Amino acid sequence: MKIDSFCHLLPRAYADRFFAINDSAAILNLQKRTRDIPALTDLDVRFRQMDEFGEYKQIINVASPPLEDLGPAERNAEMARIANEGMAELVESHPDRFAGFCAAVSLDDVDQAIKEVDYAFTSLNAVGVQIYCHVNRGPMDDPRYDPFWETLARSGKMIQVHPNRNSSWPDYPTEERSKFEIWWALGWEYDLSAFMARMVFSGAFERWPDLKFLIHHGGAMIPHFAGRVGAGWDQLGSRTPESQKADVEGYPLTKRPFDYFKNFYVDTACFGAGDALRTSIRFYGHDRVVFASDSPYDPEKGPGFIRATIANIEELDLSDAQRQAIYHDNAVRLFGLNES
């Protein structure tokens with residue numbers, strides 16, 4: 001059995017409300033792209049694609065955009081509830097297809113987000129929660145999110161982390177928009193990496209050692225820049241002038257920054273880049289990696305990245321037990337699944 005631990009869809013009731021939003025140009029663009037990927041909403045299409053892979057299930061979450069981008073806080077909270085109840089129904093109705101779901105939340109209202117995850121965990125049996133790297137462009141180490149992190153640490157549930165910048169984040173300060181979709185191809189990996197760094201230096205793992213973050217795309221840039229993350233950040237502050245010292249004064253850490261970056265969990269969604277996946281597994285260790293494809297966002301609109309990721313894993317120099325851990329056992333353990 002393979003458990004694909006980071007897959008996107010839109011439950012029907014949520015999709016109907018999402019496609020009815022007409023007061024945001026950014027949402028209208030995403031609606032256009034979403035309509036072009038049938039597997040996000042059409043279960044018959046999705047299940048036919050999944051059949052190619054034999055004993056195979058998915059852990060599902062709601063496809064982007066972040067709920068905070070959908071409009072007023074009241075609307076976003078309502079959309080979170082619709083999404084979570086829709087995903088819970090899908091998991092209950094199709095246990096042979098879906099191993100579980102990660103709850104949607106809107107963090108523009110932290111108190112409401114905490115209520116929503118409590119409801120999703122206790123009443124809907126969500127196996128985790130999906131968040132994004134920032135909320136309305138603001139950093140996730142802002143103290144106003146501390147109660148949310150404390151709640152998640154206490155719950156023991158997995159936190160899926162997804163990137164979320166768009167073309168309005170320019171490549172250079174002199175420009176107004178990113179070009180050539182650099183905001184996606186490179187910017188999303190920077191988003192994930194910056195999120196991880198801010199969590200480390202804000203002392204998240206010191207204050208809440210039970211936090212479990214699942215970083216999308218193999219841990220993004222971190223395993224590939226291990227030297228800068230290690231010896232580079234061991235010299236934190238050496239490049240900073242005295243007038244800016246406050247910028248490098250974070251939570252008092254008791255270990256090297258490098259060691260905290262090893263606390264994250266990562267997935268295998270590297271889009272068929274076998275060398276990148278090999279580096280991620282070597283950095284984190286096979287016991288902190290879960291199989292995931294990011295389906296259905298491949299050029300085939302569903303099966304392509306699943307197939308490519310399986311091929312990558314099969315090509316790696318892993319023992320049968322290590323492959324079993326990545327394909328199945330780690331997800332069962334980390335998400336608390338009832339899987340044999």
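## A first look at the chain

UniProt lists residues 71-337 under "domain: Amidohydrolase-related", in an unreviewed entry. In the model, which is predicted, the C-alpha atoms at the two ends of residues 71-337 lie 34 Å apart. Helix makes up 45% of this span and strand 11%.

Stepping back to the whole chain, you will find 14 helices and 10 strands. The radius of gyration is 19 Å, close to the 20 Å that the globule rule gives for 340 residues, so the chain is as compact as a globular protein of that length. Taken along the principal axes, the box filled by the C-alpha atoms is roughly 60 × 50 × 40 Å. Of the 340 residues, 55% count as buried. If you look at contacts between residues at least 6 apart in sequence, 75% of them join residues at least 24 apart.

## Helix α4 and its surroundings

A good place to begin exploring is helix α4, which runs over residues 73-93 and has 21 residues. From its first C-alpha to its last, α4 reaches 30 Å, close to the 30 Å expected at 1.5 Å a residue. Its buried residues are N76, M79, A80, I82, A83, N84, G86, M87, A88, L90 and V91. To read such a list, it helps to know that an α-helix has 3.6 residues a turn, so residues three or four places apart point the same way.

What covers the buried residues of α4? The cover includes the strands β1 (2-9), β2 (56-62) and β3 (98-104), together with the helices α1 (12-20), α3 (43-51) and α5 (110-123).

## E116, a residue of α5

Helix α5 holds E116. Is E116 buried or exposed? Its relative accessible area is 2%, under the 20% cut-off, so E116 counts as buried. Setting aside neighbours within four places in sequence, E116 is in contact with A80, R81, N84, A104 and V105. Two of these partners, A80 and N84, are among the buried residues of α4.

R81, another contact of E116, also lies over the face of Y119, at 3.8 Å from the ring centre. A similar arrangement can be found elsewhere: R288 lies over the face of Y265, at 4.0 Å from the ring centre.

## Aromatic rings

How many aromatic pairs does the structure hold? There are 21. One of them joins F53 and Y56, whose ring centres are 5.6 Å apart and whose planes meet at 50°, so the pair is tilted. Both F53 and Y56 are buried.

F205 and F213 form another pair, and this one is edge-to-face, with 6.0 Å from centre to centre and 85° between the planes. F205 is buried at 7% relative accessible area, and F213 is buried as well, at 0% relative accessibility. F205 and F213 also belong to a cluster linked by ring pairs, whose other members are F148, W149, F195, F201, W233, F261 and F264.

## A loop residue to finish

Where does A273 lie? Its place is in the loop between β9 (265-267) and α12 (274-284). The relative accessible area of A273 is 33%, which falls between the cut-offs of 20% and 50%, so A273 counts as partly exposed. A273 and T309 are 36 residues apart along the chain, and their C-alpha atoms are separated by 8.2 Å.

Terms used. Residues are numbered from 1 along each chain as its sequence is written. This is a predicted model: local features need pLDDT of at least 70, side-chain atom pairs count only at pLDDT 80 or more; totals for chains, interfaces and linings use all residues. Side-chain values use heavy atoms; hydrogens and water are left out. Rings of Phe, Tyr and Trp (its six-membered ring) pair if their centres lie within 6.5 Å; planes under 30 degrees apart count as stacked, over 60 as edge-to-face and the rest as tilted. Buried means under 20% relative accessible area, exposed over 50%, partly exposed in between (1.4 Å probe, protein chains only). A charge sits over a ring if NZ of Lys or CZ of Arg is within 6 Å of the ring centre and within 35 degrees of the ring normal. Helices (H or I, at least four residues) and strands (E, at least two) are DSSP runs, numbered from the N terminus. The expected span of a helix is 1.5 Å times one less than its number of residues. Contact means heavy atoms within 4.5 Å. UniProt positions are given in the numbering used here, feature names are shortened, and annotations may be inferred rather than shown by experiment. The radius of gyration is taken over C-alpha atoms; the globule rule is 2.2 Å times the number of residues to the power 0.38.
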